[in-house]
Amino acid sequence: MVDAWVILISLPIVLYFTRAVGVLLSSYVPDDSPYRSTLLILPICAMMAFFIPGALKGSPLEQAMLVVFLAVFWVTNNSVLSMVVGIGGLLAAKFLL
Amino acid sequence: MDDFRRGAIDSLGLGSTAALFAVIFGSAAIAQGVSFSQAMILSASVYAGSVQFATISLWGDTIPYATVIISGFLIASRNIFMGMALGHIFIGQSAWKKYLKIFFYTDISYVLGMKAKHIDNKFIYICGSGALVYCFWISGTFVGLLIAGSLQKSIIDSLAFAGIMYLGMLVIMLMKADDGYRLPVVLAAIAILALYLLNMEQFVIMLGGVLVGGASNLWLELRSRKNG
């Protein structure tokens, strides 16, 4: 258990480390290597690893809003409109139900 | 300079939605007992929404240091993969430029960088995107801290799921950027689902998904090279 300031100093260092280490490692992979295209898919998998469990943990109503939100984004490709629909839906569910 | 401006313009949409999350973060921080200055320092120095939300959820009179740092690292570990994927654009830059601007390398700048196939200088483009989103993020946090008193905690809690929506949107953007990923992505999704249903830890789920996606993509890549 520590003072908040220790967190405020060390957490940015940890975050910076995660950003820098990948960039550093990347410089060891040649541009024409078959590993290069494989590296491109890793972030999608990493994001999905947070997205899928997070989506499954939501309530049925939240999951329904998520489906609507993703469908709107898939069709319109408009992030602002989709977020308005998504957040608006979550708020509407909060106040109306 | 054109690529810098293009990066900033292209990130207006995602940046404004990030600002909305920053407003929620500012309000949630106050509700959790984080002071105004501490919340601003968190946003200005960490600059990673998911990590910041996880951190303030553990905030209290006594903060479990190891838990905060380890959970921060685990959540942010996807940055390592993003760096590995697009890190080659940082090669050839002077050390101070490279290591200063790595700070701005986030989910949004990565996704936009992947989509921007027409851009000559992706390094500058990502810097433009990251700098603009950073401004949005800081401004949003500031506004959130100011209006914290007028937002009920139940409303803030009900918006927690919006973070998952945002992540889903980034995944779709990445998948749309290249059709060749479909089979490995589907296999990775199946692996992630299976590991989740087996009640595995978040880090194991991520490693499993990354390994399955990466291995299947590598196999497809080697096979297509072999077939010419």
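**Interface of chains A and B**

**Figure 1. Charged pairing between chain A and chain B.** No salt bridges (a side-chain nitrogen of Lys or Arg within 4 Å of a carboxyl oxygen of Asp or Glu) link chain A and chain B. In contrast to this zero count, 19 residue pairs across the interface are in polar contact, both residues being at pLDDT 80 or more. A polar contact is a pair of N or O atoms within 3.5 Å, one able to donate a hydrogen and the other to accept it within protein, with residues adjacent in sequence counted only if both atoms are side-chain atoms. The model is predicted, local features requiring pLDDT of at least 70 and side-chain atom pairs pLDDT 80 or more, while totals for chains, interfaces and linings use all residues. Residues are numbered from 1 along each chain as written, chains are lettered from A in the order written, and side-chain values use heavy atoms without hydrogens or water.

**Figure 2. Extent of the interface.** Contact (heavy atoms within 4.5 Å) joins 70 residues of chain A to 88 residues of chain B. The buried area (accessible area, 1.4 Å probe, lost on putting the two parts together and summed over both) is about 7,300 Å², with 80% from carbon and sulfur atoms. R19(A), M47(A) and F50(A) supply 11% of the area that chain A buries against chain B, more than any other three residues.

**Figure 3. Packing of α4(A) against α2(B).** The axes, lines fitted to C-alpha atoms over the stretch in contact, come within 8 Å and cross at roughly 30°. The two helices are therefore roughly parallel (angles under 35 degrees). Contributors from α4(A) are S79(A), V80(A), M83(A) and I87(A).

Key
Axes are lines fitted to C-alpha atoms, for helices over the stretch in contact, and angles run from 0 to 180 degrees between N-to-C directions. Helices (H or I, at least four residues) and strands (E, at least two) are DSSP runs, numbered from the N terminus. Angles under 35 degrees count as roughly parallel, over 145 as roughly antiparallel, 65 to 115 as roughly perpendicular and the rest as oblique.
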